[in-house]
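The following exchange asks how certain descriptions of a structure are justified. Each answer sets a value against its definition.

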Amino acid sequence: SNVSSDDISPLCQTLSSIQLSSCRVIGPDNVLTLSKVHDEMSHSAWLRLVEISAVKCNVSALHPSIQLAVSLVRLDLSFNSIEEVHPELSECQALREVSLRHNRLFDVTDLSSALTNVTTLDLSHNDIVSVWALAELEHLQSLDISSNRLRFWSDLGHLSRRCLNIKCISFRENPLCSPQYI
């Protein structure tokens, strides 16, 4: 179903979490328009926002207003149509947990600058061919890159040498797991 800012407006001043599932809070070009909500929220309300979950909402991109959520800790944009993550997320310095599973990510080069403090990252079920750039995420502790198109063990070796805090990497169901790559 569609959600309008009129439906959300009364709640916007006290929210610390926005959780949407199988709905459309989007504008032109399927962009997650928290800016619709932004018009109803005070600056302090954006500062209090610690969680955004927009699962199965046909989101293809984030609106730049996401950078106002500087206290954001958890972001779940699973089961959408996101092809790239824009640098606006770099303003969300408190962000620790990000799920972008079941999207259309191919290149994760920009993630290293956008998600600098993330400790848990789920990129499973995308079209990612290399995770070399993720080695810049020095706080990363848990990474799920299952069901992508990874072919090179050297990517995982690079991650393990550079991400000294990493404790768990799941890479099952990638081409590198097939007998021809082992």
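Strands, labelled E, are DSSP runs of at least two residues, numbered from the N terminus. The structure is a predicted model.

Q: Where is Asn126 found relative to strand E7 and strand E8?
A: Asn126 is found in the loop that links strand E7 (120–122) to strand E8 (142–144).

Q: Why is Asn126 called buried?
A: Buried means under 20% relative accessible area. Asn126 has a relative accessible area of 5%, so Asn126 is buried.

Q: What makes the approach of the side chain of Asn126 to the backbone oxygen of Leu123 a polar contact?
A: A polar contact requires a pair of N or O atoms within 3.5 Å, one able to donate a hydrogen and the other to accept it. The side chain of Asn126 reaches the backbone oxygen of Leu123 at 2.9 Å, and therefore meets the distance limit. A polar atom of the Asn126 side chain also lies 3.2 Å from the backbone oxygen of Ser124.

Q: Which residues does Asn126 touch, not counting residues up to four places away in sequence?
A: Among them are Leu100, His102, Leu105 and Asn148.

Q: Which residues touch the most other members of the largest nonpolar core?
A: Of the 42 residues in this core, they are Leu89, Leu115, Leu121, Leu123 and Leu134. Strand E3 (51–55), helix H4 (111–114) and helix H5 (153–162) each supply at least two residues of the core. Beyond residues up to four places away in sequence, Leu123 touches residues including Leu100, Val108, Ile128 and Leu134.

Q: Why is His125 called partly exposed?
A: Partly exposed lies between the limits of 20% and 50%. His125 has 32% relative accessibility, and therefore counts as partly exposed. His125 lies in the loop between E7 and E8, and has a positive phi of about 60° although it is not a glycine.

Q: What makes Asn58 partly exposed?
A: The relative accessible area of Asn58 is 29%, which falls between the two limits, so Asn58 is partly exposed. Asn58 is found in the loop between E3 and strand E4 (61–62). Asn58 is not a glycine, yet has a positive phi of about 60°.

Q: How do you know whether Gln19 is buried or exposed?
A: Exposed means over 50% relative accessible area. Gln19 has a value of 54%, so Gln19 is exposed. Gln19 lies in strand E1 (residues 17–21), and touches Glu51 and Ser53, not counting residues up to four places away in sequence. The C-alpha atoms of Gln19 and Ala54 are separated by 6.0 Å, although these residues are 35 residues apart along the chain.

Conventions. Residues numbered from 1 in each chain as written. Predicted model: local features only at pLDDT ≥ 70, side-chain atom pairs only at ≥ 80, totals over all residues. Heavy atoms only, no water. Helix = DSSP H or I, 4+ residues; strand = E, 2+ residues; numbered from the N terminus. Buried < 20%, exposed > 50% of the residue type's maximum accessible area, 1.4 Å probe, protein only. Contact = heavy atoms within 4.5 Å. Core = buried A, V, L, I, M, F, W, Y, C linked by side-chain atoms within 4.5 Å.
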